[in-house]
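Biologist: Got a minute to walk me through this one? I'd like the overall picture, then some details.

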Amino acid sequence: MHGEYKVPGGKLVVVDLDVRGGALCDVRVAGDFFLEPDEAILAIDAALEGAPANTDTAGLAARIDAALPASTVMLGLTSEGVAVAVRRALAQATEWSDYDWQLIHEAPQSPALHMALDEVITAEVAAGRRPPTLRVWEWASPAVIIGSFQSLRNEVDPAGAERHGITVVRRVSGGGAMFVEPGNTITYSLSVPDALVSGLSFADSYAYLDDWVLGALGDMGIKAWYQPLNDIATDAGKIAGAAQKRVVGGEGAVLHHVTMSYDIDADKMLEVLRIGKEKLSDKGTKSAKKRVDPLRRQTGLAREAVIERMIDSFRTRHGLTRGKVTDEEMGRAEELVRTKFGTEEWTARVP
């Protein structure tokens with residue numbers, strides 16, 4: 001069995017192993033990390049040898065920590081990262097390179113249609129009728145997208161939304177409200193087979209699925225990192241928020257979508273969103289305006305150039321061919337707008 005895991009902000013860990021009698025055997029850990037002293041790698045292998053195959057990530061990491069020499073120094077490597085690679089090997093997880101990735105980047109579409117396309121495309125990936133897909137959104141109008149479990153009245157000021165012509169829609173994933181305007185936002189979705197994140201905790205899958213975009217931002221001179229659970233941050237402030245939804249059926253799939261602030265009208269956002277003091281205190285700031293630092297200021301690049309560089313970065317890392325929403329997928333999405341995402345019943349399902 002073979003498992004790989006790139007430690008967030010670190011290096012690649014590779015584990016090869018077998019299982020006999022319900023226990024790990026012939027364990028070999030490798031990777032492009034740095035580790036001192038040399039014998040520490042043998043201690044890691046020995047710590048995992050004989051471990052029950054149903055040992056969870058925390059249990060495997062504890063075995064490694066207990067076995068390491070006192071002088072051990074890890075760079076780009078963690079005990080938990082090795083344990084995750086083991087769990088991915090046992091789960092027979094797939095890797096990015098196992099797939100032919102498809103890009104969808106089409107003309108601007110309505111907020112409700114974007115919600116529907118996410119559901120349809122991810123269901124198609126789960127059913128095996130569509131390859132894993134990166135979809136870059138273009139917005140036809142400004143919107144507030146609230147999380148699946150958020151209260152509409154608690155999150156949105158209806159008078160502010162009406163005054164600024166803001167459409168309010170509810171997505172299928174959890175998380176917080178997002179304020180978007182067509183020229184000021186970069187949004188993308190990844191619809192991936194469940195096997196790609198096998199062996200990862202729900203929290204770890206966030207950083208794993210956006211490691212490529214952290215690399216793309218780094219190429220643009222922005223040092224960014226994941227701030228658990230679902231933010232992408234820099235020293236200057238938050239630049240993006242992510243959300244996920246697991247889709248059952250077929251082989252299963254994961255919808256992972258991210259909204260990034262390219263530019264932002266903070267005054268307008270505060271007239272539309274009700275951002276409470278509790279949320280601000282949780283983020284360690286007193287001002288909602290200071291929570292988000294736009295990519296336009298940090299990169300000095302046009303929005304289209306940022307998107308192009310992100311796509312090129314994904315293509316370089318994982319391969320990517322141009323695709324499109326099929327007529328059948330679009331028909332199903334339009335029907336979901338009519339029956340679900342465009343209805344008051346769905347949008348206000350949590351009043």
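Modeller: Sure. Helices and strands here are DSSP runs, at least four residues for a helix and at least two for a strand, numbered from the N terminus. Keep in mind that this is a predicted model.

Biologist: Okay, how many helices and strands does the chain have?

Modeller: There are 14 helices and 16 strands. The radius of gyration is 22 Å, close to the 20 Å from the globule rule for 351 residues, so the chain is as compact as a globular protein of that length.

Biologist: And what box do the C-alpha atoms fill?

Modeller: Roughly 65 × 45 × 40 Å along the principal axes. Of the 351 residues, 54% count as buried. If you take contacts between residues at least 6 apart in sequence, 70% of them join residues at least 24 apart.

Biologist: What about the surface and the charges?

Modeller: The accessible surface is about 15600 Å², with 51% of that belonging to carbon and sulfur atoms. On charges, I get 39 positive and 50 negative side chains, and the centres of the two sets are 6 Å apart.

Biologist: Let's do sheets. What's the strand order in the open sheet of eight strands?

Modeller: It goes 12-13-14-15-11-7-6-16, and the pairing is mixed. Strand 12 (225-227) and strand 16 (321-322) are the edges, each pairing on one side only.

Biologist: Remind me, what holds strands together in a sheet?

Modeller: Strands pair through backbone hydrogen bonds, and they can be parallel or antiparallel.

Biologist: So start from the strand 12 end. How does strand 12 connect to strand 13?

Modeller: Through a hairpin with three residues. The two strands run antiparallel and share three bridges, and Gln 227 sits opposite Asp 231.

Biologist: Anything odd in that loop?

Modeller: Yes, the peptide bond between Pro 228 and Leu 229 is cis, with omega about 5°. Leu 229 is in the loop between strand 12 and strand 13.

Biologist: Which way do the side chains of strand 13 point?

Modeller: Asp 231 and Ala 233 point one way, Ile 232 and Thr 234 the other way, and all are buried. Strand 13 then forms a hairpin with strand 14, with two residues between them. That antiparallel pair has four bridges, and Ile 232 faces Ala 240 across it.

Biologist: And the next pair along, how many bridges join strand 14 to strand 15?

Modeller: Eight, between residues 237-247 and residues 253-261, again antiparallel. Lys 245 stands opposite Leu 255 there.

Biologist: Switching to the N terminus. Which residues are on the covered face of strand 1?

Modeller: Gly 3 and Tyr 5 are on the covered face, while His 2, Glu 4 and Lys 6 are on the uncovered one. Strand 1 pairs antiparallel with strand 2 (residues 12-20) over five bridges, with Glu 4 opposite Val 14. The hairpin has five residues between the strands, and Gly 9 in that hairpin has a positive phi near 75°.

Biologist: Fine for a glycine. Which way does phi usually go otherwise?

Modeller: Most residues other than glycine have a negative phi, and most peptide bonds are trans. Asp 26 goes positive, at about 50°. Asp 26 is in strand 3 (residues 23-31), and at 39% relative accessibility Asp 26 counts as partly exposed.

Biologist: What's phi for Gln 92?

Modeller: Near 55°, so also positive by value in a residue other than glycine. Gln 92 is in the loop between helix 3 (79-90) and strand 6 (102-105), and Gln 92 is exposed, with a relative accessible area of 59%.

Biologist: And which residues flank the cis bond with omega about -5°?

Modeller: Glu 36 and Pro 37. Pro 37 is in the loop between strand 4 (34-36) and helix 1 (40-48).

Biologist: Now helices. What does helix 13 pack against?

Modeller: Its buried residues pack against helix 4 (111-127), strand 9 (167-170) and helix 14 (344-347). Those buried residues are Glu 329, Met 330, Ala 333, Leu 336, Lys 340 and Phe 341.

Biologist: Last one, where is Arg 309?

Modeller: In helix 12 (residues 303-318). Arg 309 is partly exposed at 41% relative accessible area. Leaving out neighbours within four places in sequence, Arg 309 is in contact with Met 220 and Leu 301.

Terms used:
Residues numbered from 1 in each chain as written. Predicted model: local features only at pLDDT ≥ 70, side-chain atom pairs only at ≥ 80, totals over all residues. Heavy atoms only, no water. Rg over C-alpha atoms; globule rule 2.2 N^0.38 Å. Buried < 20%, exposed > 50% of the residue type's maximum accessible area, 1.4 Å probe, protein only. Contact = heavy atoms within 4.5 Å. Areas by Shrake-Rupley, 256 points an atom, 1.4 Å probe, with all protein chains shown as cover. Lys, Arg positive; Asp, Glu negative; His and termini not counted. Charge placed at Lys NZ, Arg CZ, Asp CG, Glu CD. Pairing = 2+ DSSP bridges.
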